[in-house]
Amino acid sequence: MNIAIVCYPTFGGSGVVATELGLALSKRGHKIHFITYNLPVRLETLKYPNIYYHEVNVPDYPLFKYQPYELALSSRLVDVVKSHSIDILHVHYAIPHAYAAYMAKQMLKDIGIQIPIVTTLHGTDITLVGSHPFYRPAVTFSINHSDRVTAVSESLKQDTLRLFELQKRIEVIPNFIDIEAIKSKGKPCERSLLAEKEEKIITHISNFRPLKRVMDVIAIFEGILPRVKSKLMMVGEGPEKQNAVEYIHSKGLQKHVLFLGNSNEIDKILCFSDLFLLPSEKESFGLSALEAMAHGVPVISSNAGGLPEVNLHGETGYLSEVGSTEDMIKNSLLLLQDQELHETFKKQAKIHSERFNLDKIVHQYEQVYSDVLASIQY
Ligand code: GMT
């Protein structure tokens with residue numbers, strides 16, 4: 001199949017999922033066309049067969065306060081569909097991608113080309129931004145006019161049905177990971193580069209948006225540190241980072257907390273991590289928690305959104321109410337102070353992550369594509 005993928009090309013989970021999906025599909029023989037405003041961060045076009053990249057350019061015009069990105073995207077979609085005989089448009093994020101795809105579909109219809117749209121909902125497009133009254137009618141319309149809609153967790157599916165008036169069936173296809181690739185990318189696992197031998201390594205990876213509750217991460221670490229010699233790895237960039245850095249300086253904790261910025265080497269960091277913290281206020285799935293588990297790292301998380309579908313309480317880690325940092329500290333110490341229990345959770349985390357291995361998930365998207373193509377009336 002010739003599949004066009006539209007996503008945000010940034011470090012966010014949706015961009016990562018869309019990119020990894022495209023790469024996996026290309027290895028299965030499909031031709032994949034990424035259509036984005038920048039090269040997706042995890043996309044190495046030269047390393048894979050059948051991968052093409054089409055940039056969306058939005059000319060800057062001084063008359064406009066807001067540049068019309070959806071317009072430029074829908075025009076680019078028309079252009080790519082026509083010139084590369086695209087069979088399917090798979091858009092990640094309702095906002096504004098499903099909306100732009102609908103416009104492209106109508107333009108193509110005018111010239112006799114039928115193109116089905118598959119929309120994958122990731123979370124922020126629904127629970128945070130999309131349900132705002134300013135956007136809700138457009139998001140509702142875009143979802144209702146997609147040919148197929150998928151959500152990355154049962155929790156996100158239920159949130160979507162609760163927040164929007166939909167006449168559409170939503171199918172759950174969870175986030176996935178490539179376990180084979182993880183095994184090789186994590187090497188060499190050089191723990192000594194960042195911590196002393198006897199120190200435990202606690203890791204948090206996110207885009208440091210307020211909903212990630214980065215200050216909770218630090219509060220949990222402050223609860224662990226007096227009892228267990230440890231270091232905190234803070235991976236990512238975002239609006240809450242400066243607050244976090246200033247707080248760490250004000251407490252004199254600089255030698256215990258490393259801010260590593262955005263990284264394409266998270267496999268190497270997770271490889272030597274002992275615990276992963278994800279106390280988010282909202283999380284449709286929690287791809288970073290799954291990535292941690294695939295490296296055998298138990299997860300201390302909130303019980304928000306889809307996290308209970310990923311992190312199993314008392315098996316792969318522990319779940320607490322959002323903001324219950326005392327409970328999260330207690331759970332962290334349970335694992336860090338009991339080597340046998342820690343080892344058991346490490347194994348269980350790895351085993352559970354295998355349920356989300358790429359080979360079990362990618363064919364579900366292929367099935368959606370085949371079904372939607374079969375249902376087109378010519
Ligand atoms: O929250 C993020 O880290 C980024 C965000 C995004 O919009 O890209 O991730 C969302 O999509 C991921 C992939 O499906 C999910 O694993 C994340 O849980 C989800 N984030 C939220 O729901 C807040």
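Select lysine 212 and the ligand together: an N or O atom in the side chain of lysine 212 lies 2.8 Å from an oxygen atom of the ligand. Taken alone, the ligand exposes 490 Å², and the protein buries 94% of that. Keep in mind throughout that this is a predicted model.

Next, add tyrosine 93. Here an N or O atom of the side chain is 2.3 Å from a ligand oxygen. Then select leucine 287, where the partner is a polar backbone atom, placed 3.0 Å from an oxygen atom of the ligand.

Now widen the selection to the residues around the ligand. There are 20 of them, and those that come nearest are Tyr93, His122, Asn175, Arg209 and Glu283. Colour this shell by residue class to see six nonpolar, 10 polar and four charged residues.

Show the surface with the ligand hidden. The space that the ligand takes up is the largest pocket.

Which helix gives the largest share of the shell around the ligand? Select residues 13-27, which form helix H1; three residues of the shell come from this helix.

Colour the two domains next. Domain 1 covers 2-176 + 358-375 and domain 2 covers 180-355. Each of these domains supplies at least three residues to the shell around the ligand.

The remaining stops concern the backbone.

Go to isoleucine 95 and proline 96. What kind of peptide bond joins isoleucine 95 and proline 96? The bond is cis, with omega at about -20°. Select residues 94-110 to put this stop in context: they make up helix H3, and proline 96 lies in that helix.

Move to serine 85. To find its surroundings, select helix H2 (69-83) and strand E4 (88-92); serine 85 sits in the loop between them. Its phi is near 45°, a positive value in a residue other than glycine.

Finish at arginine 213. Where is arginine 213 placed? It is in the loop between strand E8 (200-205) and helix H8 (214-224). Check the backbone here as well: arginine 213 is not a glycine, yet phi is positive, at about 50°.

To close the tour, return to the ligand and show tyrosine 93, lysine 212 and leucine 287 in one view. The side chain of tyrosine 93, the side chain of lysine 212 and the backbone of leucine 287 each present an atom to a ligand oxygen at the distances given above.

Definitions and conventions: Residues are numbered from 1 along each chain as its sequence is written. This is a predicted model: local features need pLDDT of at least 70, side-chain atom pairs count only at pLDDT 80 or more; totals for chains, interfaces and linings use all residues. Side-chain values use heavy atoms; hydrogens and water are left out. A residue is near a molecule or strand if one of its heavy atoms lies within 4 Å of it. A polar contact is a pair of N or O atoms within 3.5 Å; within protein, one must be able to donate a hydrogen and the other to accept it, and residues adjacent in sequence count only if both atoms are side-chain atoms. Accessible areas come from the Shrake-Rupley method with a 1.4 Å probe; for residues, only the protein chains shown count as cover. On a 1 Å grid over the protein atoms alone, a cavity is a set of points where a 1.4 Å probe fits but cannot get out, and a pocket is an open set with protein on both sides within 12 Å along at least five of seven lines; lining residues have an atom within 4 Å of a point. A molecule sits in a cavity or pocket if more than half of its atoms lie within 2 Å of its grid points. Helices (H or I, at least four residues) and strands (E, at least two) are DSSP runs, numbered from the N terminus. Ala, Val, Leu, Ile, Met, Phe, Trp, Tyr, Cys and Pro count as nonpolar, Asp, Glu, Lys and Arg as charged, and the others, Gly among them, as polar. Domain bounds come from an automatic or database domain assignment.
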